[in-house]
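User: I would like to go through the labels attached to this model and ask, for each, what justifies it.

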Amino acid sequence: MMFNLFERMVAGRYLRAKRKEGFISVITGFAFTGIALGVATLIIVMSVMNGFRSELLSRILGINGHIGIVSAGGAAFNNYKQAVNDIAAFDNVQTVFPMIEKQLLASSGRAAEGAMVRGMRKEDIEKKQTLKNGMLNIDMSKFEGNVVIIGYRLALKMGLIPGDEITLISPNGKITAFGTVPRMKSYRIVGTFELGMYEYDSNFIFMPLDTAQTFFGLGDAVTNIDVTLKDESKLNETRKAIEKSVDAGAYIFDWRQSNSAFFNAIDVERNVMFLILTLIILVAAFNIITGLIMLVKDKSRDIAVLRTMGATKGMIMRIFFMDGAFIGVVGTTIGVLLGILFCENIETIRQFLQDLSGRELFSAEIYFLSQLPAKIDTTEVCMIVLISLLLSFLATIYPAYRAAKMDPVEALRYE
């Protein structure tokens, strides 16, 4: 126990450099800072990537279901009511509803924009929590007849407010002797929605299902059936069951297919960023090696004296190992606290830096989301901590071994 206490005292003394040894303490400080910044940066970047993926997935699944059904030939579903009832009977199905989804041109007289119209029943919108939350300031009792709800970014681009009229022009019009005449009709805007995802807020228009059926000339038919599941882990199983229950002419797809390229790109970028940022910790570990080697060189006379007084090679090795391990543990701890604190306040920090620089740091047009997300994964943080500590401990082995192997006679002779 005395030896252990002695080792800790000597190790602590070596970390506090004298005035003439100031350069060594500077290197030790750089090692501390490097480990802390490396760990913090890795936690922040990985949390942002996790948050970005999680937010996008929740918004996509909050607006679209896990499974979509369309006609293989592009025709409308005339028997959709029976299909909806059959699919709703499955245990893992939470909601299933019909809808119409078509692209068209929206005009306000002052501007024109391409848009996606989605015809839905009022009660189906209220079943989708994300849609319902995005339309909190709208009186849904007015969502009937020749009215629409448009994204607030689309309204800004076209200079529209609730109460104005918007003209919708569909290229799939009536066929006449003079060719196809586009369908065109004006609708009153009863409100705007904000879903927090740029793609939807700037392109989508919602209208009542029966109004959409009339506008597109579909009669009592729909173009899509949207299915949301209770348990996403049973997606494959539920999809196979639905495929067996619907007609062979229907094409069934899930959210992974429709967004596969996007989420694969996020996963690849996330893995690459993890590898690149781990190099920061590795560089900091080399700083530990440099600092300890210089410390061993500077303390060669002290080591020789300790050896002649009876200190074993194991004691010398443990003293310098404790120095390196202390740098790694403290640096990692500071990095974890800094990273978590940054992630918990990342949107506030972004707003502050944005106001300070006068530039937009997280454009919704580029990143799809209106706020910078961060989701801390405990398992991932533990992995980062383990990697940092492992690299720090490995970095101490060679300098500690070199100190232990030093010949006290030679060290005193050349001192």
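The exchange below takes up a few of those labels in turn.

User: What kind of model is this, and how many helices and strands does the protein chain have?

Analyst: The model is a predicted one, and its protein chain has 17 helices and nine strands. Of the 415 residues, 46% count as buried, and the accessible surface comes to about 21,500 Å², with 58% of that belonging to carbon and sulfur atoms.

User: Why is Ser170 called buried?

Analyst: The relative accessible area of Ser170 is 1%, and the label buried applies under 20%, so Ser170 counts as buried. Ser170 lies in strand S5, residues 165-176, and, leaving aside residues up to four places away in sequence, Ser170 touches Leu104, Pro182, Arg183, Phe215 and Phe216.

User: What makes Met317 partly exposed?

Analyst: Its relative accessible area is 31%, whereas buried means under 20% and exposed means over 50%; the value for Met317 falls in between, and therefore the residue is called partly exposed.

User: Which residues does Met317 touch, if those up to four places away in sequence are not counted?

Analyst: Met317, which lies in helix H13 (residues 313-344), touches Ile397, Ala400, Tyr401 and Ala404. The C-alpha atoms of Met317 and Thr396 are separated by 9.4 Å, although these two residues are 79 residues apart along the chain.

User: How do you know that the buried residues of H12 are on the same side of the helix?

Analyst: The buried residues of H12, which spans residues 300-308, are Ser300, Ile303, Ala304 and Leu306. They cover an arc of only 160° around the axis, which puts them on the same side of H12. As a general point, an α-helix has 3.6 residues a turn, so residues three or four places apart point the same way. After H12 comes Gly310, whose phi is positive, near 110°.

User: What makes the side chains of strand S9 alternate in this model, and which of them are buried?

Analyst: In strand S9, residues 250-254, Ala250, Ile252 and Asp254 point to one face and are buried, while Tyr251 and Phe253 point to the other face and are not buried. This kind of alternation between the two faces of the sheet is what a regular strand shows in general.

User: How do you know that S1 and S9 pair?

Analyst: Pairing requires at least two bridges between the strands, and five bridges join S1 (residues 67-71) to S9, so the two strands pair, and they run antiparallel. Among the bridge partners, Gly68 has Phe253 in S9.

Conventions. Residues are numbered from 1 along each chain as its sequence is written. This is a predicted model: local features need pLDDT of at least 70, side-chain atom pairs count only at pLDDT 80 or more; totals for chains, interfaces and linings use all residues. Side-chain values use heavy atoms; hydrogens and water are left out. Helices (H or I, at least four residues) and strands (E, at least two) are DSSP runs, numbered from the N terminus. Buried means under 20% relative accessible area, exposed over 50%, partly exposed in between (1.4 Å probe, protein chains only). Accessible areas come from the Shrake-Rupley method with a 1.4 Å probe; for residues, only the protein chains shown count as cover. The arc is that of the directions from the helix axis to the C-beta atoms. Contact means heavy atoms within 4.5 Å.
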